[in-house]
Amino acid sequence: MSTMTEHDPMIFDVNGVHFRLFYGDELYRVRISKNGRTEKWKKLESNEVNINGKKYGKTRIIYKAFNARWDIDSDERLSHEMLTELNYMIRMNYPNHH
């Protein structure tokens, strides 16, 4: 389940790991302290993300940021329509960067 934190609504949770998206394509892994504050930021340079021993494509993580109810663990591949929707969402949320 993907949820937002109360301190920064742009931080989202994927299977217990927190991420923050900047400019629509810069993905950061974020450590959240017990009191809900961000402690550590790490920019993800790779196209693959390891979450709890399972690898996910960076695009799947970004798609999950905009589609919280989508099951990232499903075998569903990102279709052309899904990628078109993702590009539209990025352009709408980050208009000066694309």
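User: Which residue does Y28 stand opposite in β4?

Analyst: That's K43. Strands here are DSSP runs of E with at least two residues, helices are H or I runs of at least four, and both are numbered from the N terminus. Before we go on: this is a predicted model, where local features need pLDDT of at least 70, side-chain atom pairs count only at pLDDT 80 or more, and totals for chains, interfaces and linings use all residues. Residues are numbered from 1 along each chain as its sequence is written, and side-chain values use heavy atoms, with hydrogens and water left out.

User: What makes β3 and β4 a pair, and how do they run?

Analyst: Two strands pair if DSSP finds at least two bridges between them. Strand β3 (residues 26–32) is joined to β4 by 5 bridges, so the pair qualifies by that rule. The two run antiparallel.

User: Why are β1 and β4 called edge strands?

Analyst: The open sheet has 4 strands in the order β1-β2-β3-β4, with antiparallel pairing. β1 (11–14) and β4 (38–43) each pair on one side only, which is what puts them at the edge. Neighbouring strands are turned by 35 degrees against each other on average, direction ignored.

User: How do you know that E48 and K55 form a salt bridge?

Analyst: The term asks for a side-chain nitrogen of Lys or Arg within 4 Å of a carboxyl oxygen of Asp or Glu. For E48 and K55 the closest N and O atoms are 3.7 Å apart, so the pair passes.

User: Is E48 buried or exposed, and why?

Analyst: Neither label fits. Buried means under 20% relative accessible area, exposed means over 50%, and partly exposed is in between (1.4 Å probe, protein chains only). E48 has 48% relative accessibility, so it is partly exposed. K55, at 57%, counts as exposed.

User: What about D73 and K54: what makes that a salt bridge?

Analyst: Their N to O distance is 3.4 Å, so this one fits the definition too. The pair links distant parts of the chain, 19 residues apart: D73 sits in the loop between α1 (58–66) and α2 (80–93), and K54 in strand β6 (residues 54–57). Both count as partly exposed because D73 has 32% relative accessibility and K54 has 40%. In total the structure holds 2 salt bridges.

User: Why is α1 described as mostly covered?

Analyst: Because 7 of its 9 residues are buried, each falling under the 20% cut-off. They are K58, R60, I61, I62, Y63, K64 and A65. Those residues pack against β1, β2 (17–22), β3, β5 (48–51), β6 and α2.

User: How do α1 and α2 cross?

Analyst: Two packed helices are described by the angle between their axes and the distance between the axes. The axes of α1 and α2 come within 10 Å and cross at roughly 65 degrees. These axes are lines fitted to C-alpha atoms over the stretch in contact, with angles from 0 to 180 degrees between N-to-C directions.

User: Which residues of α1 and α2 meet?

Analyst: With contact meaning heavy atoms within 4.5 Å, T59, I62, Y63 and F66 in α1 meet M82, L83, E85, L86, M89, I90 and N93 in α2.
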